[in-house]
Amino acid sequence: VQLIPDAPLKALTEYTVTVSADVSGQSGDTLADDFSWTFQTRDGEWLTAEFIELDDSGSAASPMVDFDREGNAMVVWQQADETGELRIMFNRFDVDNGWGTPIALADDSSTGSAPLLVSDGDGNLAVVWLQDEPDGSQSLLGLAYDSEADDWSEPILLEDDAGDVDTPALAANDAGAGAIVWAQDNGNGIY
């Protein structure tokens, strides 16, 4: 059950939620007594800026961020390694524990740029990016993260047509349905 307040909650305020014993479940059972719990909202202040990447051997760019319903942040970005190749990186901010350890989302033999990220609100993610190919063209790759299994899928090629991919866009809803669109320089337009 998800409880949604009628109005935004104020920072640093204590609230009490009460579920009445009059409420019944799907089977018709009711609570023996009212059930209450109390919580306090956070302060709403900005945290001190900090590095979320560990390898400062090359420049980082194109960050994208999304949040789940719990307030945890997920970030992707492109980062140059010591050879100048661009890697697609990921890190997660947990509201209770802070930043995690960044990971590369594709192996070291790939050069990626312009990452995009969406979440369904439960922490399940989809990430897409442009991939430089040996022939000089760009393809569109993507992968998914299953928050319940705490597991990333393998990167997959999302298109197999000739011509460079450009300007991808990515969206998802809270139910987990998503869509990816992109332009492809093959005379056919938008996919």
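**View 1. D146 and the negative patch around it.** D146 counts as partly exposed, since its relative accessibility is 36%, and a residue has to be under 20% to be called buried or over 50% to be called exposed. This is a predicted model, and in it D146 sits in strand β10, which covers residues 138–146. On the surface, D146 teams up with E148, D150, D151 and E154 to form a negative patch.

**View 2. D150, a patch member with an unusual backbone angle.** Stay with the negative patch, but shift the focus to D150, another of its residues. D150 is found in the loop between β10 and β11. It isn't a glycine, yet its phi is positive, at about 50°. With 57% relative accessibility, D150 counts as exposed, whereas D146 from the previous view is partly exposed at 36%.

**View 3. S62, a positive phi within a strand.** S62 is also a non-glycine residue with a positive phi, here about 55°. This one lies in strand β3. As for cover, S62 is partly exposed, with a relative accessible area of 33%.

**View 4. R92 and its salt-bridge network.** Searching the whole structure turns up four salt bridges, and this close-up is about the network that links D68, R92 and D94. Take R92 and D68 to begin with: their side chains meet in a salt bridge, 3.7 Å from N to O. R92 lies in strand β5 (residues 86–94) and D68 in the loop between β3 (60–67) and β4 (73–80), so this pair ties together parts that are 24 residues apart in sequence. R92 also meets D94 through a side-chain salt bridge, with an N to O distance of 3.4 Å. What about burial? R92 is partly exposed, at a relative accessible area of 30%. Its two partners in the network are both on the buried side of the cut-off: D68 counts as buried at 10% relative accessibility, and D94 counts as buried at 19%, given that buried means under 20%.

**View 5. The D81–R87 salt bridge.** Here D81 pairs with R87 in a salt bridge, and their closest N and O atoms are 2.9 Å apart. Is D81 buried or exposed? D81 is buried, with a relative accessible area of 12%. R87 counts as buried too, at 9% relative accessibility.

**View 6. A nonpolar patch on the surface.** L3, L9, L31, F35, W37 and F39 make a nonpolar surface patch of about 540 Å². One of these residues, L9, lies in the segment before β1 (14–19). L9 counts as partly exposed, at 40% relative accessibility.

**View 7. V128 and P115.** V128 belongs to strand β9, residues 125–132. At 2% relative accessibility, V128 counts as buried. How far apart are V128 and P115 in space, C-alpha to C-alpha? The answer is 5.7 Å, with their positions 13 residues apart in sequence.

**View 8. Confidence along the chain.** The chain has a mean pLDDT of 85, and 94% of its residues reach 70 or more. Among the elements, strand β11 (residues 151–152) has the highest mean pLDDT, at 93. Strand β15 (residues 189–190) has the lowest, at 70. Where pLDDT is low, the predicted coordinates shouldn't be read in detail.

Definitions and conventions:
Residues numbered from 1 in each chain as written. Predicted model: local features only at pLDDT ≥ 70, side-chain atom pairs only at ≥ 80, totals over all residues. Heavy atoms only, no water. Patch = residues over 30% accessible without salt bridge, like charges linked within 9 Å, V, L, I, M, F, W, Y side chains within 5 Å. Areas by Shrake-Rupley, 256 points an atom, 1.4 Å probe, with all protein chains shown as cover. Lys, Arg positive; Asp, Glu negative; His and termini not counted. Charge placed at Lys NZ, Arg CZ, Asp CG, Glu CD. Helix = DSSP H or I, 4+ residues; strand = E, 2+ residues; numbered from the N terminus. Buried < 20%, exposed > 50% of the residue type's maximum accessible area, 1.4 Å probe, protein only. pLDDT = per-residue confidence, 0-100.
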